[in-house]
Amino acid sequence: MRNSKPLLRSGPTVAAATLCLALAGPAAAGPGISVNTTGSTVSVATSACTQISGNWGTASLLSSSQTSFSQGRQVPLSGTSAGQSAAWSNVSAGTYTVIVVCSNGSTAGRQSVIVTPAPSPSVSPTASPSRGVMGGIGGSAQDYGTVTLVAGGALVGTGLLATAYYLRRRDKPRHL
């Protein structure tokens, strides 16, 4: 015979997990819109609108002080029957509401979004290897001055002359 007490103990855990998943859904999102922010650009996508007379509808971006659709920055929707979208660029930091109204007058959705300022790019030094591979002709990764190059050329020239002198002296027969 089975013991049913473990099932009774897991009931509150399952209920809590279900409640958390229900609360973690999109906050204040309309049934058919998706709003994204990238830096100072806000974009909205939907597939809830149908085209009427070549027009899909209009999306409006409202700041926190604006209350009606007509007060916001309006952009016409563009796209296909599979999906329509609109975007606003150069949006300053703050909290905004995006509203999408289809061309038939129905509201596709309304969603709040927070725009944060994009971090300014910063230059950070990277660590260079202490002993890396220096390919090329003997350390070509460094820029040597004229004096160093002349001194190196003089050493190479002296070496060539000494080698030629030695080989020439060696070829002559020695008489005793």
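**Strand packing around Val-35 and the nonpolar core**

Leaving out neighbours within four places in sequence, the contacts of Val-35 in this predicted model are with Val-42, Ser-43, Val-44, Val-98, Gln-111 and Val-113. Val-35 itself belongs to strand S1, and its relative accessible area of 11% places it among the buried residues, because a residue counts as buried when this value is under 20%. Although Val-35 and Arg-110 are 75 residues apart along the chain, their C-alpha atoms are separated by 9.4 Å.

Strand S1 takes part in an open sheet of four strands, arranged in the order S1-S2-S6-S5 with antiparallel pairing. The edges of this sheet are occupied by S1 (33-38) and S5 (78-80), each of which has a single partner strand, so that one side of each is left without a neighbour in the sheet. On average, and with direction ignored, neighbouring strands of the sheet are turned by 20° against each other. Within the sheet, strand S2 (residues 41-46) and strand S6 (residues 83-88) run antiparallel and are joined by five bridges; in this pairing, Ser-43 is placed opposite Ala-87 of S6. Ser-43 is also one of the residues in contact with Val-35.

The largest nonpolar core comprises 20 residues, of which Val-42, Val-44, Trp-88, Val-98 and Val-100 touch the most other members. At least two residues of this core are supplied by each of S1, S2, S3 (57-63), S6, S7 (94-102) and S8 (107-115), and the largest share, four residues, comes from S7. Among the core members named above, Val-42, Val-44 and Val-98 are also contacts of Val-35. For Val-100, when residues up to four places away in sequence are not counted, the residues touched are Ile-33, Val-44, Thr-46, Cys-49, Thr-58, Ala-59, Leu-77, Ser-106, Thr-107, Ala-108 and Gly-109.

A further segment is marked in the sequence record, where an unreviewed UniProt entry carries the annotation "transmembrane region" for residues 144-167. In the model, the chain over residues 144-167 is 92% helix and 0% strand, with its end C-alpha atoms 33 Å apart.

With regard to confidence, the pLDDT averages 77 over the chain, and 67% of the residues score at least 70. Over residues 13-30, however, the pLDDT is below 50, and this stretch has eight contacts in the model beyond near neighbours in sequence.

How values were computed. Residues are numbered from 1 along each chain as its sequence is written. This is a predicted model: local features need pLDDT of at least 70, side-chain atom pairs count only at pLDDT 80 or more; totals for chains, interfaces and linings use all residues. Side-chain values use heavy atoms; hydrogens and water are left out. UniProt positions are given in the numbering used here, feature names are shortened, and annotations may be inferred rather than shown by experiment. Two strands pair if DSSP finds at least two bridges between them. Axes are lines fitted to C-alpha atoms, for helices over the stretch in contact, and angles run from 0 to 180 degrees between N-to-C directions. pLDDT is the predictor's confidence in each residue, from 0 to 100. Contact means heavy atoms within 4.5 Å. A nonpolar core is a set of buried Ala, Val, Leu, Ile, Met, Phe, Trp, Tyr and Cys residues joined through side-chain atoms within 4.5 Å. Buried means under 20% relative accessible area, exposed over 50%, partly exposed in between (1.4 Å probe, protein chains only).
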